[in-house]
Amino acid sequence: MTQHLVIPDRSARIVGGDPLAQRRTGWWRDAVIYQVYPRSFADANGDGMGDLAGVRSRLSYLRDLGVDAVWLSPFYASPQADAGYDVADYRKVDPMFGDTADAAGLIEDAHALGLRVIFDLVPNHCSDQHEWFQQALREGPGSALRKRFHFRPGRGLSGELPPNDWESIFGGPAWTRVTEPDGSAGEWYLHLFAPEQPDFDWEHPAVADEFRSILRFWLDLGVDGFRIDVAHGLVKAPGLPDLGMHDQLKLLGNDEMPFFDQDGVHAIYRSWRPILEEYAGDRIFVAEAWTPTVARTANYVRPDELHQAFNFQYLGTPWNAEALRDVVDQTLDAMRPVGAPATWVLSNHDVTRHATRFANEPSSSTQIRTPGDRELGLRRARAATMLMLALPGSAYVYQGEELGLPDVTDLPDEVRQDPSFHRQAGQDGFRDGCRVPIPWSGTAAPYGFGPVEGGPSWLPQPQSWAELSVEAQTGDPTSTLELYRSALAVRIKHPALGAGDSVEWLDAPAGALAFRRTVAGGSDETGADGATGASGAFVCVANTGSVPVRLPLPGRPMLSSGAEPVVIEGPERLAEIAPDTTVWWTC
Ligand code: GLC
């Protein structure tokens, strides 16, 4: 049985007065940000679909978990062709999730608990039901509205071929031909994702104006920042050149693409930054930018652009000490010159949960279809999380990972909703597996996700999830939930864990990595709990191998993701760390 060492005092997290005002500025530099996938978090009205009222009702759980902020995936008016990443009205909450008052109330409640709130912004494309696109279709070729999208005549004798050879991320051509108002087969429009998600043409000033206005709409409501969807995709290479011979596109690729990571995107973010700065409260942007290298990612977080960018290179790194050390070094080296914090992420709504990725053989795909060795995967996932939470910078946690949830790999085809599942006979369309509603309590589905036992949930939950519920894990010191709570409590109490921009690597045996974290001389900026940076040094040791490793005793063990380390007495005191285990030490 795995077990960890201490459950530290969490009371330090709870402060009197205005909790947000007491947090230091630059909160985002070492924040732990929790991703809520609203469809699957909590369903207050019992229709089987999560909603904003559900999120509101569970905010105290997130506060007690010890995160700093919540990022919500889209809840805007949408036909849900891509689970809300197809937005029909950027200023409206979809009735399925609630209304604007719910969004405002959620922000207010979160702030009262000391939590920040980040919304998702989807600027690369909208829904084909968006008013502009509908009007563009009605008005026909050459119309002003068509210029806000990428409409082009087709190639071939009668325009029967797509304008170029780009493929959609979800499979099939990235172009769809429209039927013109007179009934003829007409122009084609570009959609990097599903046909229901037409790409905006960001060269058009009306598009830029509209998004600046949308930013202000939600900033006025009090939101603390935005996660920018497909931040690397807004600008396409001039002339939309053919790609030539190329494999089917993947979001996480290493190749340069004429539709991703074009230098022109940076001008957009430079125009957004001053808008955020006009608002009080240290608000932020985080980029979803899949770029070929961490160095390219760093371009998005230059001082006059965005604040953070997800570190997908880290997410894609296997559970291997050498590879992890490399990616940590590359990340810190890339971020230091631009002065941005590193970010770390292991799971999100687009990739197989890390408890299942690490249960399988390493793969270049982020979508795994086999459960693998569940016990091994969970052991590694817990160790990987503790490693992540010991690194300098900001960390992202995806709902349910704190429960150690695996991906649901055996969902019946008929319940799957991922648009790419249906577009290419299932290839890479397995994102529903990480989107199954999370279990809160009880012994029968929907395990407290909805209000009524036996009530619906939009994706079925496995029977085995009763024992993974929040209720079942609370108070069990061996549970993954209590491990997260403990690790986050330590992080709050000891800012050394997230602060700074470097780690001091220590010698470690093959298969393991070890580093020290210190904050020299403390900090003038005092955290809400009164802790300063002068709280000493930490050592983090992660054994990614399948045999125990020994190294000189680094200090006093504080928290372990698994078995307690064994102290071996001798001329030199040694610590033995179990396989697939991370241990934090104070010294
Ligand atoms: C992002 C989202 C993903 C969505 C895609 C298209 O990658 O995270 O869920 O399908 O953009 O909007």
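What follows is a short chat about reading a few features of this predicted model.

Trainee: What should I keep in mind at the start?

Mentor: The model is predicted, with local features needing pLDDT of at least 70 and side-chain atom pairs counting only at pLDDT 80 or more, while totals for chains, interfaces and linings use all residues. Residues are numbered from 1 along each chain as its sequence is written, and side-chain values use heavy atoms, with hydrogens and water left out.

Trainee: Which residues come nearest to the ligand?

Mentor: A residue is near a molecule if one of its heavy atoms lies within 4 Å of it. Here 15 residues surround the ligand, and Asp82, His125, Asp229, Glu288 and Asp350 come nearest.

Trainee: And how do I read polar contacts with the ligand?

Mentor: Look for a pair of N or O atoms within 3.5 Å. A side-chain N or O atom of His125 is 2.8 Å from a ligand oxygen. For Asp229, a polar side-chain atom lies 2.9 Å from an oxygen atom of the ligand, and for Glu288 the distance from a side-chain N or O atom to a ligand oxygen is 2.7 Å.

Trainee: How do the axes of helix 12 and helix 15 cross?

Mentor: Helices are DSSP runs (H or I, at least four residues), numbered from the N terminus. Axes are lines fitted to C-alpha atoms over the stretch in contact, with angles from 0 to 180 degrees between N-to-C directions. Those of helix 12 (residues 374–389) and helix 15 (residues 480–493) come within 10 Å and cross at roughly 10 degrees. Angles under 35 degrees count as roughly parallel, so helix 12 and helix 15 are roughly parallel to each other.

Trainee: Where is the cis peptide bond?

Mentor: It runs from Ala445 to Pro446, with omega near 5 degrees. Pro446 sits in the loop between helix 13 (419–423) and helix 14 (470–473).

How values were computed: Helices (H or I, at least four residues) and strands (E, at least two) are DSSP runs, numbered from the N terminus. Angles under 35 degrees count as roughly parallel, over 145 as roughly antiparallel, 65 to 115 as roughly perpendicular and the rest as oblique. A polar contact is a pair of N or O atoms within 3.5 Å; within protein, one must be able to donate a hydrogen and the other to accept it, and residues adjacent in sequence count only if both atoms are side-chain atoms.
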